[in-house]
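Thanks for coming, everyone. I'll walk you through one protein today. Please have a look at the screen.

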Amino acid sequence: MAAEPNIGVLLFIAYRSMESHVFAELAAAGHDDITQAQAKLLQRVDEDGSRLSDLAESAQVTKQTAGYLVDQLEKAGYVERTIDPADARARLVLLTAQARALRPVGDAAVAEVEARWTAHLGKRRMDQLHDILTRLREITDPYLDH
């Protein structure tokens with residue numbers, strides 16, 4: 001008999017289930033040209049733009065990988081590069097209107113999954129799960145502003 005999966009595997013399974021649903025909904029809305037790697041980077045672009053080095057660090061990829069992914073996203077029309085007003089030597093990656101159009105589709109897909117999970121677990125347990133994961137984030141998320 002197989003051993004029970006550890007908590008990390010269980011969290012990953014739930015995450016992948018949600019991610020798969022989000023990608024399916026994005027594809028159904030006509031956005032079937034985004035890879036998981038591109039999405040990982042795209043979701044980290046700040047509203048006011050982000051430097052490539054910051055994107056690479058927060059996505060936990062090399063600068064070369066981040067640059068390659070931004071190149072792909074730029075060609076697909078999801079981001080654009082511009083001069084950083086704070087430092088003319090640096091460039092910012094900005095979201096385009098096309099990228100901003102992804103958010104409501106993704107948010108709706110996440111809400112559908114959360115509703116399914118709530119129906120399965122019950123509201124009290126789902127609230128507890130959210131609270132527990134939020135508390136765990138305090139010690140696991142290096143990018144959380146404390």
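One definition before anything else. A salt bridge here is a side-chain nitrogen of Lys or Arg within 4 Å of a carboxyl oxygen of Asp or Glu. Keep that in mind for Lys123 and Asp127. Their side chains meet in a salt bridge, at 2.8 Å from N to O. That distance falls within the 4 Å limit, so the pair counts. I'll come back to this pair. One caution: this is a predicted model.

Now the overview. The protein has 146 residues, and 27% of them count as buried. Its C-alpha trace spans about 55 × 35 × 30 Å along the principal axes. The accessible surface is about 10,100 Å². Carbon and sulfur atoms own 56% of that surface.

What is the secondary structure made of? Seven helices and three strands. Starting at the N terminus, the order reads α-α-β-α-α-β-β-α-α-α.

How do contacts spread along the chain? Take the contacts with a separation of 6 or more. Of these, 49% join residues 24 or more positions apart.

Let's go to the C-terminal part of that order and look at two helices. Helix α6 covers residues 102-121. Helix α7 covers 123-140. Their axes come within 6 Å and cross at roughly 120°. That crossing angle makes α6 oblique to α7. Which residues make the contact? From α6, they are Glu114, Trp117, Thr118 and Leu121. From α7, they are Lys123, Arg125, Met126 and Leu129.

You'll recognise Lys123 from the opening. Its salt-bridge partner is Asp127. Both sit in helix α7, four residues apart, so about one helical turn separates them. Are they buried or exposed? Lys123 counts as exposed, at 56% relative accessibility. Asp127 is partly exposed, at 36%.

Next, the rest of the salt bridges. The total count is nine. One of them pairs Asp71 with Arg81, at 2.9 Å from N to O. This pair links distant parts of the chain. Asp71 is in helix α4, residues 63-75. Arg81 is in strand β2, and the two residues are ten apart. Both are partly exposed: Asp71 has 33% relative accessibility, and Arg81 has 26%.

Another bridge joins Arg89 and Asp87, at 3.1 Å from N to O. Here the two ends contrast. Arg89 is exposed, with a relative accessible area of 75%. Asp87 counts as buried, at 19%. The cut-off for buried is under 20%, so Asp87 falls inside it. Arg89 and Asp87 also belong to a network of salt bridges, together with Arg51 and Asp84.

Stay with strand β2 for a moment. It runs over residues 79-84, and Ile83 lies in it. Which residues does Ile83 touch, leaving out those up to four places away in sequence? The answer is Ala88, Ala90 and Arg91. Ile83 is partly exposed, at 48% relative accessibility. The cut-off for exposed is over 50%, so Ile83 stays in the middle class. Now compare Ile83 with Arg51. They are 32 residues apart along the chain, and their C-alpha atoms are separated by 9.9 Å.

A quick stop at Ser58. This residue is in helix α3, residues 52-59. Ser58 is buried, with a relative accessible area of 18%. Beyond its sequence neighbours up to four places away, Ser58 touches Arg44 and Tyr143.

Last topic: the surface. There is a nonpolar patch of about 860 Å². Its residues are Ile7, Val9, Leu10, Leu11, Ile13, Leu121, Leu129, Leu133, Leu136 and Ile139. Which elements give two or more residues? Helices α1, residues 7-28, and α7 do. The largest share comes from α1, with five residues.

Take Leu11 as an example. Leu11 lies in α1. It is partly exposed, with a relative accessible area of 38%. Patch residues need over 30%, so Leu11 clears that mark.

Two more names in the patch should sound familiar. Leu121 and Leu129 are both patch members. They also take part in the contact between α6 and α7.

That's the tour. Over to you for questions.

Notes
Residues are numbered from 1 along each chain as its sequence is written. This is a predicted model: local features need pLDDT of at least 70, side-chain atom pairs count only at pLDDT 80 or more; totals for chains, interfaces and linings use all residues. Side-chain values use heavy atoms; hydrogens and water are left out. Patches are made of residues with over 30% relative accessible area and no salt bridge: like charges are joined within 9 Å, nonpolar side chains (Val, Leu, Ile, Met, Phe, Trp, Tyr) within 5 Å. Accessible areas come from the Shrake-Rupley method with a 1.4 Å probe; for residues, only the protein chains shown count as cover. Buried means under 20% relative accessible area, exposed over 50%, partly exposed in between (1.4 Å probe, protein chains only). Contact means heavy atoms within 4.5 Å. Axes are lines fitted to C-alpha atoms, for helices over the stretch in contact, and angles run from 0 to 180 degrees between N-to-C directions. Angles under 35 degrees count as roughly parallel, over 145 as roughly antiparallel, 65 to 115 as roughly perpendicular and the rest as oblique.
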